[in-house]
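Hi,

Here is the structure I promised to pass on. Have a look at it first, and then read my notes below.

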Amino acid sequence: VIWALLFVLLSGSGDSVLQAAFEQAAGNMKTLATDQAQRKQAVEILDAAAEATGKFEKKRKEVYDQWVKLARNDDTGDESFRELFDALEAGEQAFQSELIRARQELREILSREQWEKIFPPASGETPAR
Amino acid sequence: MTMCHYALLALLWGLAAGCATTPPLRDAADSAFDELRTQLRAEITGSARRDQLLAYVDALENLMILAVEEQRAANAELRALHANYDTTTEAFTAVFQRLNEQKSSRRQRLVEIAAEARALTTSEEWKRINRFKQLALEAALELNTHVEALP
């Protein structure tokens, strides 16, 4: 259990914040983006982000399974763990870049007013300035 | 389900929910680390080695607590940045980069701790400790499906 806990805790990469925001946007888009062409563009961006998320989650699961195999083996050397972490980090950074790009693309097609309706600040939080 | 299953589920639930409930999270983590301490006290003879290994468990626990705190702070920062229409991609990249560096440093430390702990134990001791670890990993594998299903 300790090793599973450590893996989960050490694998958080902040991507869940943008993932959750995009899922929320997918639900709001139909009512808040009334222009059909604009809505189509937004849905395409969100679909691409969802696909990237699915691929990355699959990769993260593979790394987790590999981590379990390594931890089970008495003879696993440090280098094997390091290589696994390096592979995970490269995947995380690429995924983060995809999420940031998707946010920027959405930003370019939505107005400020639409943005604030689609992504309202969580209660008790103020948008960063 | 064993108590360990419930403890891990509670911990993961706390993480997935944004860690709003610190006491249950800490209780679950404490329970898991206490289990490892009990294993070490039973398996390792020689007080100096045992104490050093227990110190490594403390270090692991501190690493986890730090990971939770840093992740929680970064998530709040990212939510606030995203809510702001004017946030630049550079601002996002900077937060992710900081988060990645913190995480990479913790992962390196985790590998170092494991290597140092292994060097302190005999091959037989390490195997016996690993047997406990394997049982835990079986449970963790089963739980992995629950992790994916969490909100």
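In chain B, 44% of the 151 residues count as buried. This is a predicted model, with an ipTM of 0.83 and a pTM of 0.76. Chain B is built from five helices and zero strands, so to speak α-α-α-α-α when you read along the sequence. About 7,400 Å² of chain B is exposed, and carbon and sulfur atoms supply 57% of that. If you take the contacts in chain B between residues at least 6 apart in sequence, 65% of them join residues at least 24 apart.

A word on confidence before you zoom in. The mean pLDDT of chain B is 73, with 64% of its residues at 70 or more. Helix H1 (residues 3-16) of chain B has the lowest confidence in that chain, with a mean of 41, while H4(B) has the highest, at 88. Residues 1-23 of chain B have pLDDT below 50, although the model gives this stretch 38 contacts beyond near neighbours in sequence. Residues 140-151 of chain B also stay under 50, and there the model has 22 contacts beyond four places in sequence. Where pLDDT is low, the predicted coordinates should not be read in detail.

One residue to click on in chain B is B:Glu61, in helix H3 of that chain. Is B:Glu61 buried or exposed? B:Glu61 counts as buried because its relative accessible area is 10%, and the cut-off for buried is under 20%. The C-alpha atom of B:Glu61 is 11 Å from that of B:Arg37, and the two residues are 24 apart along the chain.

Now for chain A. It has five helices and zero strands, running α-α-α-α-α from the N terminus on. Of its 129 residues, 47% count as buried. Chain A exposes about 6,500 Å², with carbon and sulfur atoms supplying 49% of it. Among contacts in chain A with a separation of 6 or more, 73% come from residues 24 or more positions apart.

Helix H3 of chain A covers residues 36-72, which is 37 residues, and spans 53 Å from first C-alpha to last, close to the 54 Å expected at 1.5 Å a residue. At its start, a side-chain oxygen of A:Asp35 comes to within 3.2 Å of the backbone nitrogen of A:Ala37. A:Gln38 is in this helix too, and it counts as buried because its relative accessibility is 13%. What does the side chain of A:Gln38 reach? The backbone oxygen of A:Ile109, at 2.7 Å. Leaving aside neighbours within four places in sequence, A:Gln38 also touches A:Ala33, A:Leu110 and A:Gln114, among others.

Last, the inside. The largest nonpolar core has 29 residues, and A:Phe22, A:Met29, A:Leu106, A:Leu110, A:Phe119 and B:Phe92 have the most contacts inside it. Both chains take part: H2, H3, H4 and H5 of chain A, along with H3 and H4 of chain B, each supply at least two residues of this core. Apart from it lies another core of 26 residues, including A:Tyr64, A:Val68, A:Phe81 and B:Ala117. As for A:Met29, its contacts beyond four places in sequence include A:Arg39, A:Ala42 and A:Leu46, as well as A:Leu106, A:Leu110 and A:Ile118.

Cheers

Note on methods: Residues numbered from 1 in each chain as written. Chains lettered and ligands numbered in written order. Predicted model: local features only at pLDDT ≥ 70, side-chain atom pairs only at ≥ 80, totals over all residues. Heavy atoms only, no water. Helix = DSSP H or I, 4+ residues; strand = E, 2+ residues; numbered from the N terminus. Expected span 1.5 Å × (residues − 1). Polar contact = N/O pair within 3.5 Å; in protein donor to acceptor, adjacent residues only side chain to side chain. Core = buried A, V, L, I, M, F, W, Y, C linked by side-chain atoms within 4.5 Å. Buried < 20%, exposed > 50% of the residue type's maximum accessible area, 1.4 Å probe, protein only. Contact = heavy atoms within 4.5 Å. Areas by Shrake-Rupley, 256 points an atom, 1.4 Å probe, with all protein chains shown as cover. pLDDT = per-residue confidence, 0-100.
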